Amino acid sequence: MTTLFALTDDQLAVREVIREIAGKEIAPWAAECDEDERYPVEAQKALTASGFHAVHISEQYDGPGADALTTLLVIEEVARVCASSSLIPAVNKLGSMPILLSGSEELKQAVLPSIASGEAMISYALSEREAGSDAAAMRTRAVRDGDEWVLNGTKCWITNAGVSSWYTVMAVTEPGVGARGISAFAVHADDPGFEVGAKERKLGIKGSPTREIHFQQCRIPSWRIIGEPGTGFRTAMATLDHTRPTIGAQAVGIAQGALDLSVSHLKDRRQFGKSLSEFQGLQFMVADMAMSIEAARTLVYQAAAATEAGAANATFLSSAAKCLASDTAMKVTTDAVQLLGGAGYTRDLPAERMMRDAKITQIYEGTNQIQRLVMARSLLR
Ligand code: CAA
């Protein structure tokens, strides 16, 4: 018999363990973290204690060396109960990927073991106020001064800024040549001239801090450049090929959480003298929700495998997966609120939080308009 797709026994085992941890140690705090806009310290503790905070780091750097699909399973299961907490493993992958892809051995040894042990977290700093979708229009400057690089400028929308110790920062080293004049650096929160700005007031993922980070004559040793000067933008884009599926996994997790809630509501609630599960209009709604989640999940897993294998269509699949999964999460969570009716619209149940959290997955790591542009370019080039 032909097996088109199946998780391995190891992957199934990881999913079972992380599902249990998420249910017992992360879910109980999800509503409170959202309500109080506070960082999910309980989730960070539980993920670190079980080694699930940065599973993608290879054994060479003291990590568990999980493959891309296993990393997605971790993110998906955490997002099913708390999207904010799922950004701990997701952003650790995003922030460290430029170093894994392009960093020197010295830099890898200096940064990655601290992420693997949970002693430090790492964020990714590409965007600026005036350089969001048009990332190459960034203004942050890095100038070589003897054995150091000196950074000046501001990066914005930095996920987990303030809780991370390390930041991969893209900055202009050669003005006037566009993307080819951008380099990537590893900056530490203790570096002189580095400062974290105020927390953004957001619609969702309220447990995960989003802040600006500022560089004022910020001096870092020259060996902290990631790759050669001028290669930073390419590294940043290649990183997103690897991590857009992680946002897809986050979206699938959020959508699955909303579907689970909808199914139990339909079974539990009675109206017009019968169970809601007996109304065909509502049956069709949950069937559509489940169908689109399965389609998104399959594409997201496929994109992770393709990216890891270096497949020729990895960039296309990575954008397609993030785009489809996040649009699915938005639709499914909106339908969940509808199915739950008045109760779904209140903060007593998690459906409205899931709907607010789903929205960001259509925006970050490139808006879904940018994903369509990336897909079209790879089809038409
Ligand atoms: N892999 C490797 N290199 C790539 C690449 C890829 N996938 N895509 C582009 N490049 C290279 C190109 O080959 C080119 O290099 P050369 O000049 O050496 O040939 C260089 O990068 C410039 O490419 P483009 O001309 O295509 O660049 P562009 O300016 O037209 O921009 C874009 C392309 C796709 C619009 C890009 O700017 C983009 O992805 N924008 C969205 C930014 C984004 O996703 N931001 C997310 C921020 S992170 C975040 O959100 C994290 C969080 O909070 C959790």
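Okay, let's start with a puzzle: which residue forms a salt bridge with Glu 42? Have a look at the structure for a second. It's Arg 38, and the closest N and O atoms of that pair are 3.0 Å apart. Keep in mind that what we're looking at is a predicted model.

Right, let's step back to the whole chain. It splits into domain 1, residues 9-117, then domain 2, residues 122-231, and then domain 3, residues 233-380. For secondary structure, we've got ten helices and ten strands. The radius of gyration comes out at 21 Å, close to the 21 Å that the globule rule gives for 381 residues, so the chain is as compact as a globular protein of that length. If you'd like dimensions, the C-alpha trace spans about 80 × 50 × 40 Å along its principal axes.

Now, on to where domain 2 and domain 3 meet. Their centres, taken over C-alpha atoms, sit 30 Å apart. How many residues of domain 2 are in contact with domain 3? It's 14, and they touch 14 residues on the domain 3 side. People often give the size of an interface as the accessible area lost when the parts come together. For this pair of domains, the buried area is about 1,200 Å², with carbon and sulfur atoms giving 67% of that. On the domain 2 side, the residues touching domain 3 are nine nonpolar, four polar and one charged.

So what about salt bridges across that interface of domain 2 and domain 3? The rule finds zero. What we do get across the interface is six residue pairs in polar contact, both at pLDDT 80 or more.

Over the whole structure, though, the search finds 20 salt bridges. Generally speaking, side chains of opposite charge can pair when their charged atoms come close. Besides our opening pair, have a look at Arg 297 and Glu 294, whose closest N and O atoms are 2.9 Å apart in a salt bridge. Both are in helix H7, residues 280-309, and because they're three residues apart there, about one helical turn separates them.

Note on methods
Residues numbered from 1 in each chain as written. Predicted model: local features only at pLDDT ≥ 70, side-chain atom pairs only at ≥ 80, totals over all residues. Heavy atoms only, no water. Domains from an automatic or database assignment. Contact = heavy atoms within 4.5 Å. Buried area = accessible area lost by both parts, 1.4 Å probe. Salt bridge = Lys/Arg side-chain N within 4 Å of Asp/Glu carboxyl O. Polar contact = N/O pair within 3.5 Å; in protein donor to acceptor, adjacent residues only side chain to side chain. Nonpolar A, V, L, I, M, F, W, Y, C, P; charged D, E, K, R; others polar. Helix = DSSP H or I, 4+ residues; strand = E, 2+ residues; numbered from the N terminus. Rg over C-alpha atoms; globule rule 2.2 N^0.38 Å.
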